[in-house]
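Reader: Hello! I am new to this structure and would like to walk through it with you. Could you show it to me?

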Amino acid sequence: MNFLSAENISKSYSEKQLFNNINLGINDGDKIGVIGINGTGKSTLLKVIAGVENEDTGKIIRANAVRIEYLSQNPAFDENATVIEQIFKGDTPVMKLIREYEEAIEDKNTPDEKLMRLTRDMDAANAWNLESEAKTILTKLGITDFSQKVGNLSGGQRKRIALAAALISPAELLILDEPTNHLDNDTIAWLEQFLNKRKGALLMITHDRYFLDRVVNRIIEIDGGNLYSYEGNYSVFLEKKIERKELEASTQSKKENLFRKELAWIRRGAQARSTKQKARIDRFETLKGELGKAQDEKLEISVTGSRLGKKIIELEHINKSFEDKKVIEDFSYILLRDDRIGIVGANGNGKSTLINIISGKLQKDSGEVVIGDTVRIGVYSQENYSMNEELRVIEYIREGAELITTADGEKVTASQMLEKFLFPSHLQWTPISKLSGGEKRRLYLLRVLMESPNVLLLDEPTNDLDIETLTILEDYIDNFSGPVIAVSHDRYFLDRIANKIFFFRGQGEIDKYVGNYTDFKETVEIETSSEEKNPKAVDKSKGNGDKNFLDVDKNFQKQEKKPMKFSFKEQREFDEIDSVIAGLEEKLEDLEARVEKAATDYVLLQELLAEKESLQQELEEKMERWVYLNELAAQIEENKANKNK
């Protein structure tokens, strides 16, 4: 079923044409990712389709009864509303009903007759499940206090509340603008699963390449005012874009040959007296214009860093707490020249705090930060970066440097560097306030690199940067001569650049791992599995400095082999586990029946849902244990058979 069709849509801001006569159809089951360089109009396209902004020309045709839910990059909030009130701020009848019911419950003076009527209305609208789902999703997103005021929450927490509101709103078409910003890695993995299971259509902007690969079945790219559609996920898009570029290059080559012939004819001084000659001159001018537009803009970062001495940065017994919450406890590390460190962990565990302590923006409680004499730190901050929006683009860059030296020794002016960074000459005199959010972040990144640092500290560099900029940043880091420390939730970025991972577990504990993000996840899974089977088998090699990292290959090769016989406890567990699993399955089936009957009793329903989730988790653990015990039993039998031979 077709939910929406956009026909010949055009949109401009001032003199800037974002997209011109584009067409787009969205059908049931489509999961569409929108990509393109910052400033090309991705967010504007989403607003036009959602009906938040009007198109300049063309028309949007929406199917009857198709509901659209839109999550903006900068959603509006009621500072005085509680979390649960903010969730149900929508204008749909069911949202209004839930809001009215919540208000009635909070008001002790609500008449019983009104409560009974609202309860019947909630039954009829099947709204109980929606309210329960909202609280479940909020919990998954790390929001557990539903009565706290929105005005007291951080920006990241507010964004997660807005995301929860969008996810629970009944809609055939869900539109999300950067949904993974401010989410940690585990929450992003949960969101992937949620969106994959969700029915209807999805249209979203995200620069998380793993997320695109695992969720979408179609990519649309905005490039040069045009829209290109590719069936498949991000990996398929990359292949098909190469094919498109090769085809364009072939067409371009033919145009260039024709242009050379026309240029030779013009240079011979042909008189434009006949209609034929005038037409040929007109064709020459048209070709000339097309060739000018066809030059592929190339984002390029090739700034050389200043010299770096032997001593870089040494962290000695660093401690930091905020009131009663400890975020860093007795942490020591010596930074090496070739370090590419990714910092991961749940939000609020102190990842940005470490970056701010190293850069000197935040004071530690105790310990020492020793910085070498030649160290020049470049800091790309998550939020509180200083940018005077009254300045023009080129003025802001010139504050950093007027002239820089590239990696190959070439001297490049600020204006030339802006050109390489996709800020053409006519845009360089634009006030920063008129740039898009993504363009501001790209400009800020260029400013950091223009100052020729030899140590890079990047705090969430992937937020609001387009994929092309991220790709070039990754390439820049490959060739960067000094160490890089990056806080990021972007798994692709961490896999691409990191050779070590600092994992902030919480309560001030920081573990160090060798390898990229995927290596880290695999190691943690092995550790968890090994600890369950034999707690003494794992040596995590925690400690201070660069030499005490977990060496995955060596440590796990040294682990003791699995025992070739059951312990008394394992034998008893093996004998009983089938009946235990059967019992849990029966309990779960009975609980599901009770959940259906309790649909109108919200308090009981919450208790049953919590019990059900606990049972499901216990069943999963028992199933994993069943697999282990049966594999062990098979090994024992195989060993016995080999010995008998």
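Reader: Is Lys-320 buried or exposed?

Author: Happy to start there, and please keep in mind that this is a predicted model. The cut-off for buried is under 20% relative accessible area. Lys-320 has 9% relative accessibility, so Lys-320 counts as buried.

Reader: Which residue meets the side chain of Lys-320 in a salt bridge?

Author: A little background helps: side chains of opposite charge can pair when their charged atoms come close. Here the N to O distance is 3.5 Å. The pair links distant parts of the chain, with Lys-320 in strand β10 and its partner 45 residues apart, in the loop between α11 (351-359) and β13 (366-371). That partner is partly exposed at 47% relative accessibility, and its name is Asp-365.

Reader: How many salt bridges does a search of the whole structure find?

Author: The pair of Asp-365 and Lys-320 is one example. Another joins the side chains of Lys-47 and Glu-53, at 4.0 Å from N to O. For the whole structure, the search gives 28 salt bridges.

Reader: Which residues are linked with Lys-47 in a network of salt bridges?

Author: Lys-47 is partly exposed, with 25% relative accessibility. Its side chain meets that of Glu-53 in a salt bridge. The network holds further members too, and Lys-47 is linked there with Lys-11, Glu-53 and Asp-56.

Reader: How many residues apart in sequence are the parts that Glu-172 and Arg-67 tie together?

Author: The side chains of Glu-172 and Arg-67 meet in a salt bridge of 2.8 Å, N to O. Glu-172 lies in the loop between α6 (155-168) and β6 (173-177), while Arg-67 lies in the loop between β4 (57-62) and β5 (68-71), so the pair ties together parts of the chain whose separation in sequence is 105 residues.

Reader: Where do Glu-585, Glu-586, Glu-589, Asp-590, Glu-592 and Glu-596 gather?

Author: Take Asp-590 as a guide: it is found in helix α19 (residues 568-597). At 45% relative accessibility, Asp-590 counts as partly exposed. Together with the other residues you name, Asp-590 belongs to a patch of negative charge on the surface.

Reader: Why is strand β17 largely enclosed by the rest of the structure?

Author: Let us look at both sides of the strand. Val-455, Leu-457 and Asp-459 point one way from β17, Leu-456 and Leu-458 point the other way, and all are buried. Strand β17 (residues 455-459) is largely enclosed because the number of its five residues that are buried is five.

Reader: Which strands pair with β17 in the parallel sense?

Author: On one hand, four bridges connect β17 in the parallel sense to residues 377-380, where Gly-378 has Leu-456 as its bridge partner. On the other hand, four bridges join β17 to residues 484-487, also in parallel, and there Leu-457 has Ile-485 as its bridge partner. The two strands are β14 and β18.

Reader: What is the phi of Asn-8?

Author: Most residues other than glycine have a negative phi. Asn-8, in strand β1 (residues 2-13), is not a glycine, yet its phi is positive. The value is about 55°.

Reader: Is Glu-323 buried or exposed?

Author: Glu-323 also has a positive phi, of about 55°, although it is not a glycine. Its place is the loop between β10 (313-322) and β11 (325-334). The cut-off for exposed is over 50% relative accessible area, and Glu-323 has 81%, so it counts as exposed.

Reader: How many Å apart in space are Asn-38 and Asp-466, C-alpha to C-alpha?

Author: Asn-38 is found in the loop between β3 (31-35) and α1 (42-50), and it is buried, with a relative accessible area of 7%. In sequence, Asn-38 and Asp-466 are 428 residues apart. In space, their C-alpha atoms are separated by 5.7 Å.

Reader: And how many Å apart in space are Trp-128 and Gln-606?

Author: Trp-128 sits in helix α5 (residues 127-140) and counts as buried at 2% relative accessibility. Trp-128 and Gln-606 are 478 residues apart in sequence. From C-alpha to C-alpha, the distance in space is 10.0 Å.

Conventions. Residues numbered from 1 in each chain as written. Predicted model: local features only at pLDDT ≥ 70, side-chain atom pairs only at ≥ 80, totals over all residues. Heavy atoms only, no water. Patch = residues over 30% accessible without salt bridge, like charges linked within 9 Å, V, L, I, M, F, W, Y side chains within 5 Å. Areas by Shrake-Rupley, 256 points an atom, 1.4 Å probe, with all protein chains shown as cover. Lys, Arg positive; Asp, Glu negative; His and termini not counted. Charge placed at Lys NZ, Arg CZ, Asp CG, Glu CD. Buried < 20%, exposed > 50% of the residue type's maximum accessible area, 1.4 Å probe, protein only. Pairing = 2+ DSSP bridges.
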